[in-house]
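Thanks for asking me to look this one over. My notes follow as numbered points, so you can check each against the coordinates.

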Amino acid sequence: MLTDPFFYLVAIPAVILLGLTKGGFAGIGVVAVPMMTLAVSPVMAASIILPILLVQDVVSVWSFRKTWDKAILVLMLPAAAVGIFLGWALAALVEEAAVELAVGAISVVFALQRLWAERALRAADSIEAGPARPWLGVLCGATAGFTSQIAHAGGPPFQIYVLPRGLPRDVFIGTSAIFFGVVNWMKVPAYLALGQLTPQALATAGVLLPLAIASTWAGVWLVRRVPAEGFYKVIYVLLVLVGGKLMFDGARGLLT
């Protein structure tokens, strides 16, 4: 188990942000790995976070188990499995910084476009859904699996396809919770094959689990108190911020 006080100084807020993400504020948890890398290596940070995500997924899936979209999951989960496999197979070849930069740029452009198009935002349950475009769902599912495997950054690709569907708030959150709950379990064999789930990583994750569970419940409680008409606007703004952070990290990684 890690005992460095500085690690816990950065890990505690990182886990809280992960909990808020799992509670429904999609996207902000992507900063968890960069925060932890201030104290440990990126591989160790990702290895500590995965067991925490698996536990948080239980809370979020249970909380929104009655509100989810089957068609989206049937379309995107098989594609995500392919993306995870590619992420595992190309782990030694793909530069994480390049992935972050590309995902961040696409996310920012997408979210700004949606904010502009919906600047006179209607209630979330009356937003006109965009066309289904199954090919885009498959592409975004595979990309979400790939980026989740490489950098725990699968949220933006998932949102690029699902947000324009105009789902009610709780259906969007429930679909996201189940999608990433399954994706995170799909990643376990890949992490084991790469030797990343070490006893030290698991023990450290165990210490942080009580906070992870509490913060996820807090996220569920908070998101249900955000007015439905403002929820999507909050998510789009978070997507801009998360995309900007990914772009910054990716550009910095490529230049150093």
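1. Helix α6 has a long list of buried residues: Leu 136, Gly 137, Cys 140, Gly 141, Ala 144, Gly 145, Phe 146, Thr 147, Ser 148, Gln 149, Ile 150 and Ala 151. Here buried means under 20% relative accessible area, exposed means over 50%, and partly exposed lies in between, with a 1.4 Å probe and protein chains only. Helices are DSSP runs (H or I, at least four residues), strands are runs of E with at least two, and both are numbered from the N terminus.

2. A word on the source before going further. This is a predicted model, in which local features need pLDDT of at least 70 and side-chain atom pairs count only at pLDDT 80 or more, while totals for chains, interfaces and linings use all residues. Residues are numbered from 1 along each chain as its sequence is written, and side-chain values use heavy atoms, with hydrogens and water left out.

3. The geometry of α6 (residues 134-151) fits expectation: its 18 residues should span 26 Å at 1.5 Å a residue, and its end C-alpha atoms are 25 Å apart, which agrees. The expected span is 1.5 Å times one less than the number of residues. Just after α6 comes His 152, with a positive phi near 50 degrees.

4. Helix α3 (residues 42-63) passes the corresponding check. From first C-alpha to last, its 22 residues reach 31 Å, close to the 32 Å expected at 1.5 Å a residue. Most of α3 is covered, with 16 of its 22 residues buried.

5. How many salt bridges does a search of the whole structure find? The search gives four, a salt bridge being a side-chain nitrogen of Lys or Arg within 4 Å of a carboxyl oxygen of Asp or Glu. As background, side chains of opposite charge can pair when their charged atoms come close.

6. One of these salt bridges joins the side chains of Lys 22 and Asp 57, at 2.6 Å from N to O. Lys 22 lies in helix α1 (residues 5-23) and Asp 57 in helix α3, so the pair ties together parts that are 35 residues apart in sequence. Both ends are covered: Lys 22 is buried with a relative accessible area of 11%, and Asp 57 is buried at 3%.

7. Helix α10 holds a salt bridge between Asp 249 and Arg 252, at 3.5 Å from N to O. The two are three residues apart in the helix, which separates them by about one helical turn. Asp 249 is buried at 8% relative accessible area, whereas Arg 252 is partly exposed at 46%. Lys 245 joins Asp 249 and Arg 252 in a network of salt bridges.

8. Arg 169 and Asp 170 also form a salt bridge, with their closest N and O atoms 3.1 Å apart. Here Arg 169 is buried, at 15% relative accessible area, while Asp 170 is partly exposed at 23%.

9. Do take a look at the surface patches. Val 82, Phe 85, Leu 86, Trp 88, Leu 90, Leu 93 and Leu 194 form a nonpolar one, with about 650 Å² of accessible area together. Patch members have over 30% relative accessible area and no salt bridge; like charges are joined within 9 Å, and nonpolar side chains (Val, Leu, Ile, Met, Phe, Trp, Tyr) within 5 Å. Areas come from the Shrake-Rupley method with a 1.4 Å probe, and for residues only the protein chains shown count as cover. Leu 93 sits in the loop between α4 (70-89) and α5 (96-117) and is exposed, at 70% relative accessible area.

10. A patch of positive charge gathers Arg 65, Lys 66, Arg 224 and Arg 225 on the surface. Lys and Arg count as positive and Asp and Glu as negative, with His and the chain ends not counted; a charge is placed at NZ of Lys, CZ of Arg, CG of Asp or CD of Glu. Arg 224 belongs to the loop between α9 (199-223) and α10 (228-255) and is partly exposed, with a relative accessible area of 38%.

11. Finally, some contacts across the sequence. Val 223, in helix α9, is buried at 0% relative accessibility; its C-alpha is separated by 6.8 Å from that of Gly 23, 200 residues apart along the chain. Ala 11, in helix α1, is also buried at 0%, and its C-alpha is 8.3 Å from that of Leu 208, 197 residues apart in sequence.
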